[in-house]
Amino acid sequence: MAKLVPIPSDSLIPERDINKAPILECINLGITFGGLKAVEDFNLTIGRTEIAGLIGPNGAGKTTVFNLLTKVYQPTKGTILLDGMDTHGMDTIKVNRAGIARTFQNIRLFQDLSVVDNVKTAMDNQMHYNMWEGIFRLPRYWREERTAHERALELLSLFHMEELAKVRAGSLPYGAQRRLEIVRALATNPSLLLLDEPAAGMNPSETAELMENIRKIRDTFQIAVMLIEHDMNLVMNICEGICVLNFGRVIAKGSPEDIQANPAVIEAYLGKKKEA
């Protein structure tokens, strides 16, 4: 696991990313719902190939942060820089095309489509045929479709799922559906992959496999991965930098060792120790 080193913005990123521009910078990010500050002054920098964790008690604002990054919600204040580009004014489609892909707490596959067709749905903006070529099935349409199919099989093979290509997605076991959702997100060619509770509902062997898959994603595609997760064994064993939220505010940032020893984090999870 890479050592974290400081950068001029007083943030920490993995040492191997020190000479590369951060992939994500959140500056004083916040959102208010009817007077309630759901997220306030959220500051975070993620290195270009970092595996980062966003943790905190239930209701801390973690999924709200993901929704801000992907523009499900528009921030009330603050700035999001993706690879140095301000995402202000972007919608969910534009921010996905700019490089952010995500999975969700609840699996959102096209249950009645095949495994390979689920992956190909994410490649729509990579297709280079026009409407008429698609309607009349002209040669360029078939070339693009063949390229997409081959690319989808290549992605599935990374997770040893190519033999399931023609299987209906809804008939897959739970763990395989989770993997398929990650493959589909990767099909958009992201520079930052957001995983919202990827280990939810998994048994220990599936969780161990997930850890290896996340490392494989980072190493194969040289992208950053940020995950929300309640499985602390997974978080502490795979994340290089961890950010802890409580009541919408950052209470700690640092390495797994720093976070495990932080009194504010311990109090947020376990409550304040009563005085004798």
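Which residues line the largest cavity? I'll start there, and then walk out to the strands, the aromatic rings and a few odd backbone angles.

Quick housekeeping before that. What you see is a predicted model, so local features need pLDDT of at least 70, side-chain atom pairs count only at pLDDT 80 or more, and totals for chains, interfaces and linings use all residues. Residues are numbered from 1 along each chain as its sequence is written, and side-chain values use heavy atoms, with hydrogens and water left out.

Okay, the cavity. The lining is made of G175, R179, M202, E206, E209, L210 and N213. By cavity I mean a set of points, on a 1 Å grid over the protein atoms alone, where a 1.4 Å probe fits but cannot get out; lining residues have an atom within 4 Å of a point. The structure holds one cavity of 30 Å³ or more, and the volume of the largest is about 40 Å³. That volume is the space filled by probe spheres set on the points, with grid points joined across faces, edges and corners. Two elements give two or more residues each to this lining, α6 (174–186) and α7 (204–221). Helices here are DSSP runs of H or I with at least four residues, strands are runs of E with at least two, and both are numbered from the N terminus. α7 has the largest share of the lining, with four residues. What is the chemistry in there, nonpolar, polar or charged? Two residues are nonpolar, two polar and three charged. For that split, Ala, Val, Leu, Ile, Met, Phe, Trp, Tyr, Cys and Pro count as nonpolar, Asp, Glu, Lys and Arg as charged, and the others, Gly among them, as polar.

Next, have a look at β11 (241–246). How many of its residues are buried? Six of six, where buried means under 20% relative accessible area, exposed means over 50%, and partly exposed is in between, using a 1.4 Å probe and protein chains only. In a regular strand the side chains alternate between the two faces of the sheet. Here G241, C243 and L245 point one way, while I242, V244 and N246 point the other, and all are buried.

Who are the neighbours? Strand β5 (residues 51–55) runs parallel to β11 and is joined to it by four bridges; two strands pair if DSSP finds at least two bridges between them. L54 has C243 as its bridge partner there. β12 pairs with β11 in the antiparallel sense, over five bridges, and I242 stands opposite G254 in β12. β11 and β12 form a hairpin with two residues between them. F247 sits in that turn and has a positive phi of about 50 degrees. At 70% relative accessibility, F247 counts as exposed, whereas the β11 residues leading up to the turn are buried.

Over to the other sheet. Four strands form an open sheet in the order β4-β3-β6-β7, with antiparallel pairing. The edge strands, each pairing on one side only, are β4 (36–46) and β7. Inside, β3 and β6 pair over five bridges, and I27 has T79 as its bridge partner in β6. Just past β6, in the loop between β6 (77–82) and β7 (85–86), comes D83. D83 has a positive phi of about 50 degrees although it is not a glycine, and is partly exposed at 41% relative accessible area.

Now the rings. A search of the whole structure finds one aromatic pair. The rings of F33 and Y73 have their centres 5.2 Å apart and their planes at 75 degrees, so the pair is edge-to-face. The cut-offs: rings of Phe, Tyr and Trp (its six-membered ring) pair if their centres lie within 6.5 Å, with planes under 30 degrees apart stacked, over 60 edge-to-face and the rest tilted. F33 is in strand β3 (residues 24–33) and Y73 in the loop between α1 (62–69) and β6, so the pair ties together parts 40 residues apart in sequence. Both rings belong to partly exposed residues, F33 at 37% and Y73 at 29%.

Last stop, α1 itself. Seven of its eight residues are buried, so α1 is largely enclosed by the rest of the structure. Among the buried ones are V65, F66, L68 and L69, and also K62. After α1 comes K71, with a positive phi near 65 degrees.

Methods:
1 Å grid on protein atoms, 1.4 Å probe; cavity = no way out; pocket = protein on both sides within 12 Å on 5 of 7 lines; lining within 4 Å.
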